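Colleague: I am new to this structure and would love a close look at one part of it. Could you pick a spot in the interior and walk me through what surrounds it?

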Amino acid sequence: MIVPKPVRYEAGQGRFVLGRGTALTADPALGEVAAWLRSELGPITGGELLPTAPGPETIRLLDAGDLPTEGYRLTVAPGEVTLEAGSAAGAFYGAQTLRQLMPPIAYRRAAVGVPLELPAARIEDRPRFGWRGAILDVARHFMTKADVLRFIDLMALHKLNVLHLHLTDDQGWRIEIKRYPRLTEIGSWRTESQVGWMGEMDGRPHGGFYTQDDLREIVAHAARRHITVVPEIDLPGHTQSAIAAHPELGNLDTPLGVGTTWGVGVNVLNVEDATIEFFKNVFDEVLELFPSPYVCVGGDECPKDQWRASPSAQRRIAELGLRDEDELQSWFIRQFDEHLAGRGRRLVGWDEILEGGLAPGAVVAAWRADVGAVAAARAGHDVINCSNTSVYLDYRQSPGEDEPLPFRTVLTLEDVYAFEPVPAELRGDPAAERVLGAQCGVWTELIDSTRHVDYMAFPRLAAFAETVWAGPERDLADFRRRLADHLPRLEAIGVEYRRESGPLPWQRRPGVPGMPEEPLEWQATLDSWTANLRDLR
């Protein structure tokens, strides 16, 4: 019935009827959660759920000091619901569970004024991991502010608490930086996009960006749902959109446009003092918008060819006494680690930042299978497991030819549900304590609309949510039974998820070129990088 699965669920006798006259009371520390619950349930019941409502049914939110910070205890009985929580976050998760006990109509926004019956139950719950995230890539294909807010609501439904917002890449710069307006004037739009992974160009301009006020609204919306928004400003690779706006940031004398194709781009930042200062100024504005203690600087997929050919980069290597370009990237990343640390923030980077050495306080987002997670944890770094082989939701969901996004890799619902955030190699190793949690990835090179985000993310995101909330045990049959109850909730919200029978007619995109079966050049590069990480272990 409940997704993700709670620690303990005991069915009771009888039912609680939520109606127009139901009262809702809350301890002061939980007042904001009570306000959210009123906003969600009031339009359905036709009542306001005020503390002074006539009742006789009452919902009570109680601040309980004996529970973990994100834990809650929910008791549903005839006439009364009691939700005890260790914090406002715990109360919010308990409120999400309370909603899941209601029929799917409770998720429709239209006012219907009908009573809702909830089965009596006693539930005790708390999350296994403190970092339960999703990456939303708005750089490759832009999503409107309203679509991002909707995605946050869907994350909250599944008790996820970190939105990693990928704001910049070769194909688009999505964040307003007032000091450098050309970043969005030029960098936020590309002339066209590649159709599929290996296809022709579509000939249509694509772009958009978020104003600073937009981002403040996104951050506030997420905070009310106990979700931290972690911004990502990618560097020194994945930066062609910035170089297109400011050619002085690059290594070439010829101007570049914003990227239009997918894969690992060869154009990277130079290592001049002026470029480092430019991005420190960018991050200073980012920090004003995002109160998150974590800020991601990317650091992934940075080809070194331009640095090898650059007299300036080679001089920098010689001046610093570095061995090679890997150590140059490490030095480059440390400039921002020190900058962020001096402002009370922690740097997050993809696992390539391990190569060449890494500052002690940096957090590693390990994406290359389990190799990066093991290497980072054993090197004494906190780790977020983002395994591309287990939780990249842009991978196709079945081998069928009618899947709309034909990546070579197949990642089924069952595959995602089998994901274990702590790699097998770390089990029993004290370094396992370094695993903060995990996050799934909604990368959008081939996902060009919110409808397709729905299709690719759901219901696999529900399976992922259970892997980071519940314990390490897996019961696929039980999960499928609860998922059968959960899917009507998604339908009521309007989520166009993938059916078990396969894509619906509108979801099929025949003829969209996917990734071929033979390894691509970038795959060979990835294999090489992964081998380097194995050496680090």
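Modeller: Happy to! A word on burial comes before the tour: a residue is called buried under 20% relative accessible area, exposed over 50%, and partly exposed in between, using a 1.4 Å probe and protein chains only. By that rule Asn-270, with a relative accessibility of 7%, is buried. Please keep in mind that this is a predicted model, where local features need pLDDT of at least 70 and side-chain atom pairs count only at pLDDT 80 or more, while totals for chains, interfaces and linings use all residues. Residues are numbered from 1 along each chain as its sequence is written, and side-chain values use heavy atoms, with hydrogens and water left out.

To find Asn-270, go to the loop between α6 (240-245) and α7 (273-289); helices here are DSSP runs of H or I with at least four residues, strands are runs of E with at least two, and both are numbered from the N terminus. Two polar contacts involve the Asn-270 side chain. A polar atom there lies 2.8 Å from the backbone oxygen of Gly-250, and the side chain also reaches the backbone nitrogen of Glu-272 at 3.1 Å. (A polar contact is a pair of N or O atoms within 3.5 Å; within protein, one must be able to donate a hydrogen and the other to accept it, and residues adjacent in sequence count only if both atoms are side-chain atoms.)

Setting aside neighbours within four places in sequence, Asn-270 touches Glu-248, Leu-249, Gly-250 and Asn-251, along with Thr-275, Trp-307 and Phe-332. Contact here means heavy atoms within 4.5 Å.

Gly-250 and Asn-251 also lead us to a cavity, as both are among the residues lining the second largest one. On a 1 Å grid over the protein atoms alone, a cavity is a set of points where a 1.4 Å probe fits but cannot get out, and lining residues have an atom within 4 Å of a point. The structure holds 2 cavities of 30 Å³ or more, and the second largest has about 40 Å³ of space; grid points are joined across faces, edges and corners, and the volume is the space filled by probe spheres set on the points. Its lining also includes Ile-243, Pro-247, Leu-252, Thr-254 and Leu-256. By class, 4 of the lining residues are nonpolar, 3 are polar and none is charged. Here Ala, Val, Leu, Ile, Met, Phe, Trp, Tyr, Cys and Pro count as nonpolar, Asp, Glu, Lys and Arg as charged, and the others, Gly among them, as polar.

Notes:
On a 1 Å grid over the protein atoms alone, a cavity is a set of points where a 1.4 Å probe fits but cannot get out, and a pocket is an open set with protein on both sides within 12 Å along at least five of seven lines; lining residues have an atom within 4 Å of a point.
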